[in-house]
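Biologist: I've got a model open and I'd like to learn how to read it. Can you walk me through a few features?

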Amino acid sequence: MEIKQLYKLYQQHPCITTDSRDCPEGSIFLALKGESFDGNKFALAALEKGCSYAIIDDADVFNASAQQQEIASRLILVDDCLQTFKDLAREHRRQFKIPVIGITGTNGKTTTKELIATVLQEKYRVLFTQGNFNNDVGVPKTLFRLTSEHEIAVIEMGASHPGDIKTLVETAEPNCGLITNVGRAHLQGFGSFEGVKRTKGELYDFLRRKMEKSSFEEGMIFINADDDDLRQMADERGLILQAAYGTGSCDDIIVKGKVESCAPFLHFSWFIHDEEEGDSEPMLVETHLIGAYNIYNMLAAITVGMYFDLDPEQINHALTNYIPSNNRSQLTVTDHNKLIVDAYNANPSSMRVAIDNFRQMQVGPKMAILGDMLELGEMSGEEHQRIADILGECLFDDVWLVGNNFANTQSSFRKFHDVEEVKAALREKQPENYYILIKGSNSTRLYQLPEIL
């Protein structure tokens, strides 16, 4: 069955489920596979529970049901269920002639996505990625949430291997895009920092092709003009439709910002730079985000908002009232301490900026609990040692390192095998009145610590 035929079937049954435990009446079950599961094995059960059809890619399951006409007529055999899922999602996306903003980057993409969506919601009905549904399953699921009510879509795209972003942009087909930054993460999958740049640059590659083929303005990129890597990547691809933001003095920056304070929340000012009409008056925004580095995420949201004709007052209202709730740049105040929780993910570049920001904060006493950074391959030992060396220069009041990678570093800091050992030590130490930075890869489970601090 061709994709367009499949999509007509989807229009008659506009609900796709990939979970055989959740089979709404009249829905379509799509049998995805993973390392520890095979949806094909649950296709017949999904039909019994209420699905009208099941899309499978196991010929044995299909052939075994061939003699049962009623069941066989409701099974659709395809070459690859995941590819079919992506192709169907792309066909659905093509039904909506709306701006679709693709966002990727090593650090900050989820926060930037949240901020952009928050700003745009001041004026538009916005579809945006929920949580971190940013892979080749999450992006199609997000696209299937598109309805005629939506006026703009903001799609987050993650990557851990070459070609990942190419796959996602060819599914979502964005007409605008933003790369937050490129850093040293997932080096085991990418092979090198250059591999990271090439993969993230696949968003720029797609937008360049979009520009070349379109007679109207598509291919717009929003770019951090302070980031030399991003500027080089855009210039190499001849991307001329750029809306630039930054804190520097370049004349092509449209939205300029400046950190005013960060103790602990980020307060910053911004203005519109216009060489012909003159700069606008600076506006102050007092945020609920921790970290001076978040100014770039804020400026990205402002630039997108201005591009889509929001008033500065609407933008400031959105940014002022945004409160993080996803373990990213989040301040948690307990009865005993103040916690800077950034425990969802960690890589060398995000770890360095978090430590540097914590170092600059005019508060005390300070304690850092840092967990291993994963998926760094053969560079893991070197990168963890670099972080340990940086910590040695910070003069924090206490530093605890968690995980096998940090255990192998040369440092005098207290080291723990896992989060359970940290919990036991915290119950014994019972720190009081500390500012505590908590950061590590999600699998280190440091997000469990706030409840005992």
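Modeller: Sure. To place a residue we need elements: helices and strands are DSSP runs, at least four residues for a helix and at least two for a strand, numbered from the N terminus. Keep in mind that this is a predicted model.

Biologist: Okay, where is E375 found?

Modeller: E375 sits in the loop between β16 and α16 (380-392).

Biologist: And what is the phi of E375 near?

Modeller: Most residues other than glycine have a negative phi, and most peptide bonds are trans. For E375, phi is near 60°, so a positive value in a residue that isn't glycine.

Biologist: Which peptide bond is cis?

Modeller: The one from G364 to P365, with omega near -5°. P365 belongs to the loop between α15 (348-360) and β16.

Biologist: How does β16 run against β19, parallel or antiparallel?

Modeller: Strands β16 (residues 366-371) and β19 (residues 435-439) run parallel and are joined by 5 bridges. In one of these pairings, M367 has I436 of β19 as its bridge partner.

Biologist: What is the strand order of the open sheet?

Modeller: Its 6 strands go β14-β15-β19-β16-β17-β18, with mixed pairing. β14 (330-333) and β18 (414-416) are at the edges; each has a single partner strand, so one side of each lacks a neighbour in the sheet. On average, neighbouring strands here are turned by 20° against each other, direction ignored.

Biologist: Last one: which residues form the negative surface patch?

Modeller: D251, E275, E276 and E277. Of these, D251 lies in the loop between β10 (242-246) and β11 (253-262).

Notes
Residues are numbered from 1 along each chain as its sequence is written. This is a predicted model: local features need pLDDT of at least 70, side-chain atom pairs count only at pLDDT 80 or more; totals for chains, interfaces and linings use all residues. Side-chain values use heavy atoms; hydrogens and water are left out. Patches are made of residues with over 30% relative accessible area and no salt bridge: like charges are joined within 9 Å, nonpolar side chains (Val, Leu, Ile, Met, Phe, Trp, Tyr) within 5 Å. Accessible areas come from the Shrake-Rupley method with a 1.4 Å probe; for residues, only the protein chains shown count as cover. A salt bridge is a side-chain nitrogen of Lys or Arg within 4 Å of a carboxyl oxygen of Asp or Glu. Lys and Arg count as positive and Asp and Glu as negative; His and the chain ends are not counted. The place of a charge is taken as NZ of Lys, CZ of Arg, CG of Asp or CD of Glu. Two strands pair if DSSP finds at least two bridges between them. Axes are lines fitted to C-alpha atoms, for helices over the stretch in contact, and angles run from 0 to 180 degrees between N-to-C directions.
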